[in-house]
Amino acid sequence: MFPFPFSFLGAATDVPLELIDNNFAMEFDGQSYVSAGNPTQLQMTGDISVSAWFKTSTNGGALTIVGRGAHYSGGASSWALFRRSANGIAAQLRTSAGYPTAMVNGSYFDGIYHHVAFTREVSSGNLKLYIDGALANTVTGITNDIMNQTQNTYIGADTVPDKHFIGDIDEVAIWNKALALEDVQTIYNATNDNPGKCANLFTGGLKDGLQYWNRMGDN
């Protein structure tokens, strides 16, 4: 394990919308991971959004991008975002009713960066999964709260720890609200259309509800 320097945790400051440097990423070798701990800010049971960039060339095997708990592990999880063993992407919640999971198939071991995000909105009952700025899947009818397990939030592994990531992960961010499609597209386009830059999440409607942002030393 290594610590999470260069992270933001707490309330955001409102400054004008801008692009900021995005020159570094977290590199994972199949053994390392980052722990954000289990602060109250990350113990969401209702609305939640998670966003990250990832890159891997590893084919096969489940790889955790970010999550609070271990996916498909009984009562030990709250939510997880991961590359499936079948090389698709999944966002999964743990509720008293089971494991609602939004999935998309695809070969995400191509060695290039992909953006992934999921949102859970209580009022609509929807769990939405976004890949590269587009809505990929929606699971409806999720009315139960996310279970608030005593688990750390880990980047690059689940909390066993297991299912370690191999490759790069960047710009992990967590909100206690459901982002709109336009918000996800803002994050995606700011980086995809502007190499070496990313969206300043403190601005452009992205600061509200922002609880965690790991920039890994970008200035």
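Glu-171 sits in strand 14, which covers residues 166–175. In this predicted model, the phi of Glu-171 comes out near 55 degrees, a positive value in a residue other than glycine. Is Glu-171 buried or exposed? With a relative accessible area of 7%, Glu-171 falls under the 20% cut-off, so it counts as buried.

Asp-132 shows a positive phi too, in this case near 50 degrees, and again the residue is not a glycine. The setting of Asp-132 is a loop, the one between strand 11 and strand 12. Those two strands make a hairpin with 2 residues between them, and Asp-132 belongs to the turn. On either side of that turn, strand 11 (residues 126–131) and strand 12 (residues 134–139) run antiparallel and pair over 5 bridges. To pick out one pairing, Lys-128 has Thr-138 in strand 12 as its bridge partner. As for accessibility, Asp-132 comes in at 24%, and because buried means under 20% and exposed means over 50%, Asp-132 is classed as partly exposed.

Now for the open sheet. How many strands form it, and in what order? There are 6 strands, lined up as 4-13-6-7-8-9, with antiparallel pairing. Strand 4 (34–35) and strand 9 (101–104) are found at the edges; each has a single partner strand, so one side of each goes without a neighbour in the sheet. For strand 4, the pairing with strand 13 (residues 153–155) is antiparallel and takes in 2 bridges. Here Val-34 has Ile-155 of strand 13 as its bridge partner.

Ile-155 turns up again in the nonpolar interior. The largest nonpolar core is made of 35 residues, and Ile-155 is listed among those with the most contacts inside it, along with Ile-65, Leu-81, Ile-89, Phe-118, Leu-129 and Ile-169. Strand 5 (residues 48–55) is the top contributor to this core, giving 4 residues. Apart from this core lies another, with 18 residues that include Trp-175, Leu-179, Val-184 and Ala-199. In soluble globular proteins, nonpolar side chains tend to be buried together.

Which residues does Ile-155 touch, once those up to four places away in sequence are set aside? The list runs to Met-26, Phe-28, Tyr-33, Val-34, Ile-65, Val-66, Ile-169, Val-172, Tyr-212 and Asn-214. Val-34, the bridge partner of Ile-155, is therefore on its contact list as well. Ile-65 and Ile-169 are also touched by Ile-155, and both are named among the residues with the most contacts inside the largest core.

Ile-112 is another isoleucine to look at, placed in the loop between strand 9 and strand 10 (114–121). Its relative accessible area is 46%, so Ile-112 is partly exposed. Leaving out neighbours within four places in sequence, Ile-112 is in contact with Phe-54 and Lys-55. Ile-112 and Asp-168 are 56 residues apart in sequence, while their C-alpha atoms are 9.6 Å apart in space.

Finally, how far can the model be trusted? The mean pLDDT of the protein is 86, and 88% of the residues reach 70 or more. Over residues 1–6, pLDDT stays under 50, and the model has 20 contacts beyond four places in sequence for this stretch. Residues 11–16 also stay under 50, with 10 such contacts in the model. Where pLDDT is low, the predicted coordinates should not be read in detail.

Key
Residues numbered from 1 in each chain as written. Predicted model: local features only at pLDDT ≥ 70, side-chain atom pairs only at ≥ 80, totals over all residues. Heavy atoms only, no water. Core = buried A, V, L, I, M, F, W, Y, C linked by side-chain atoms within 4.5 Å. Buried < 20%, exposed > 50% of the residue type's maximum accessible area, 1.4 Å probe, protein only. Contact = heavy atoms within 4.5 Å. Pairing = 2+ DSSP bridges. pLDDT = per-residue confidence, 0-100.
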